[in-house]
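Got your viewer open and ready to click around? Load the structure below, and we'll walk through it one selection at a time.

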Amino acid sequence: MTTYSAVSAPGYTAPSPSRAWRLSMAAITVFIGVVCLWVLWEYASHGDRLVALLLGGWVLVVAGGIWLVTAVSGAIAHRAWILTAAAPVAVTVTLTLLSTGTPTRIGWELSRPALERTAGACADTHAEQRFGMYRIDYVRVIAGGCAFSLADTSLGVDGFAYIPHGDPPVPAAHARAGTSYTRIDGPWYTFESWVSAGV
């Protein structure tokens, strides 16, 4: 003799999700979506933003746990599969965009024209300005070009450098501090300043 649980019996119709469950799922989904958008914005507006990924990832782990409990309860009690799908889709799309470098590239392409206009006549400036999507706290003349320092940097890129002639400077061997450059394209580079922890 075949037995069925109440929710799997033939002809069983799951009750509609309660208003409280729908509001809870909507709130956690919107929150996860906002965190994903914030991470994408940070990458687009800073060229790279590892701290945003770390912080956003930690928040998403906590929010994901809440989402999982809410989603499972809704899926079992109400078979509300569609309502639970938005948050995983948002996270998947965000991770895909980050893995392909899309936000960073978009930020660069939108900001490059403004940077190029200033780089052509570079002069030291110690005042925060906006260049496209980037907030720059100072511009300075460097050997062979012009450097733009990003405001509020932490882990990741410290700024952008325009070096139209020759290669960027290389730190001396065994130097305890210096700046590393990575080419974006043409005469443009990102740079990261570093300090050695060695004695």
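Start by selecting leucine 55, which is partly exposed, with a relative accessible area of 45%. Here, buried means under 20% relative accessible area, exposed means over 50%, and partly exposed is in between (1.4 Å probe, protein chains only).

Before you click further, keep in mind that this is a predicted model, where local features need pLDDT of at least 70 and side-chain atom pairs count only at pLDDT 80 or more, while totals for chains, interfaces and linings use all residues. Residues are numbered from 1 along each chain as its sequence is written, and side-chain values use heavy atoms, with hydrogens and water left out.

**Stop one: the nonpolar patch**

Leucine 55 sits in helix α2. Helices are DSSP runs of H or I with at least four residues, numbered from the N terminus. Now add Trp38, Trp58, Val62 and Ile66 to your selection: together with Leu55 they make a nonpolar patch on the surface, with about 520 Å² of accessible area. Which helix gives the patch its largest share? Colour helix α2 (residues 50–78) and you'll see, since four of the patch residues come from there.

What counts as a patch? Its residues have over 30% relative accessible area and no salt bridge; like charges are joined within 9 Å, and nonpolar side chains (Val, Leu, Ile, Met, Phe, Trp, Tyr) within 5 Å. The areas come from the Shrake-Rupley method with a 1.4 Å probe, and for residues only the protein chains shown count as cover.

**Stop two: salt bridges along helix α4**

How many salt bridges does the structure hold? There are five, each one a side-chain nitrogen of Lys or Arg within 4 Å of a carboxyl oxygen of Asp or Glu.

Go to helix α4 (residues 102–119) and pick arginine 105 and glutamate 109, which are four residues apart, or about one helical turn. Their side chains meet in a salt bridge at 3.3 Å, N to O. Glutamate 109 is partly exposed at 41%, and arginine 105 is partly exposed too, at 39%.

Next, select arginine 112 and glutamate 116, also four residues apart in helix α4. Their salt bridge spans 2.8 Å, N to O, and glutamate 116 is partly exposed at 36% relative accessibility.

Now add Asp185: with Arg105, Glu109, Arg112 and Glu116, it belongs to a network of salt bridges.

**Last stop: another pair**

Finish with glutamate 128 and arginine 135, a salt bridge whose closest N and O atoms are 2.8 Å apart. Glutamate 128 is exposed, at 51%, whereas arginine 135 is partly exposed, at 26%.

Key: Helix = DSSP H or I, 4+ residues; strand = E, 2+ residues; numbered from the N terminus.
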